[in-house]
Amino acid sequence: VADHAERVSVEFCDGKGRANMHATSQIEHALLACGFRKGDLVVALIDCNGISKGDVGTVVGPLRNPGEGADHAERVSVEFGDGKGRAYMHATSHIEHARLAGGFRKGDRVAALTSWKSISKGDVGTVV
């Protein structure tokens, strides 16, 4: 296969088997708590264990031991770097998506102000 370096092997649940999937066009990271995905840039909303309000981190996955704590399903693992390390943050009250260009955040609904290719002025989309 010519694009071998761009593929990963994926084992699907419920006995559906294994498939060789193109990493950028056939799969994406599964949703974690409150719609976050691995790789999302987030901002801390609280001071906690050496992490300061406003620090930027990257969602790296779910909790390692998901059975810990009553609210484990609402937490994600975030890497803050710069010696601050990793923290398990509550997805609805401890973090939010980092601001992108124009002040938009991932998940914001937007309307096109101009037409471009197949997109018409006024078309609605979601920032990804």
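Buried means under 20% relative accessible area, exposed over 50%, and partly exposed in between, with a 1.4 Å probe and protein chains only. The model is predicted: local features need pLDDT of at least 70, side-chain atom pairs count only at pLDDT 80 or more, and totals for chains, interfaces and linings use all residues. Residues are numbered from 1 along each chain as its sequence is written, and side-chain values use heavy atoms, with hydrogens and water left out.

**Exercise 1. Asp82**

Task: Decide whether Asp82 is buried or exposed.

Solution. Step 1: find the place. Asp82 lies in the loop between β5 and β6. Strands here are DSSP runs (E, at least two residues), numbered from the N terminus. Step 2: apply the cut-off. Asp82 has 79% relative accessibility, so it counts as exposed. Step 3: check the backbone. Asp82 is not a glycine, yet its phi is positive, about 45°.

**Exercise 2. Lys117**

Task: Say where Lys117 lies and whether Lys117 is buried or exposed.

Solution. Step 1: Lys117 sits in the loop between β8 (109-111) and β9 (124-126). Step 2: its relative accessible area is 73%, so Lys117 is exposed. Step 3: Lys117 has a positive phi of about 50°, although it is not a glycine.

**Exercise 3. Two residues of one loop**

Task: Classify Leu31 and Arg37, then list their contacts.

Solution. Step 1: Leu31 is in the loop between β2 and β3. Arg37 is found in the loop between β2 and β3 too. Step 2: Leu31 counts as exposed because its relative accessibility is 54%. Arg37 counts as buried because its value is 19%. Step 3: a contact means heavy atoms within 4.5 Å. Leaving aside neighbours within four places in sequence, Leu31 is in contact with Phe36 and Arg37. Not counting residues up to four places away, Arg37 touches Glu28, His29, Ala30, Leu31, Leu32, Val59 and Lys106. Step 4: add a distance. From C-alpha to C-alpha, Leu31 and Phe12 are 15 Å apart in space, and 19 residues apart in sequence.

**Exercise 4. Two hairpins**

Task: Describe how β1 pairs with β2 and how β5 pairs with β6.

Solution. Step 1: recall the rule. Two strands pair if DSSP finds at least two bridges between them. Step 2: β1 (residues 7-12) and β2 (residues 17-22) run antiparallel and are joined by six bridges. Phe12 has Gly17 as its bridge partner in β2. Step 3: β1 and β2 form a hairpin with four residues between them, and Asp14 in the turn has a positive phi of about 60°. Step 4: β5 and β6 are antiparallel, over five bridges. Glu79 stands opposite Arg86 in β6. Six residues lie between β5 and β6 in their hairpin, where Gly81 takes a positive phi near 60°.

**Exercise 5. The core**

Task: Which residues touch the most other members of the largest nonpolar core?

Solution. Step 1: define the set. A nonpolar core is made of buried Ala, Val, Leu, Ile, Met, Phe, Trp, Tyr and Cys residues joined through side-chain atoms within 4.5 Å. Step 2: this core has 13 residues, and Phe36, Val76, Val78, Phe80, Met89 and Ile95 touch the most other members. Step 3: β3 (41-44), β5 (75-79) and β6 (86-90) are the elements that give two or more residues to this core. Step 4: take one member. Beyond four places in sequence, the residues that Met89 touches include Ala44, Ile46, Val76, Val78, Phe80 and Ile95.
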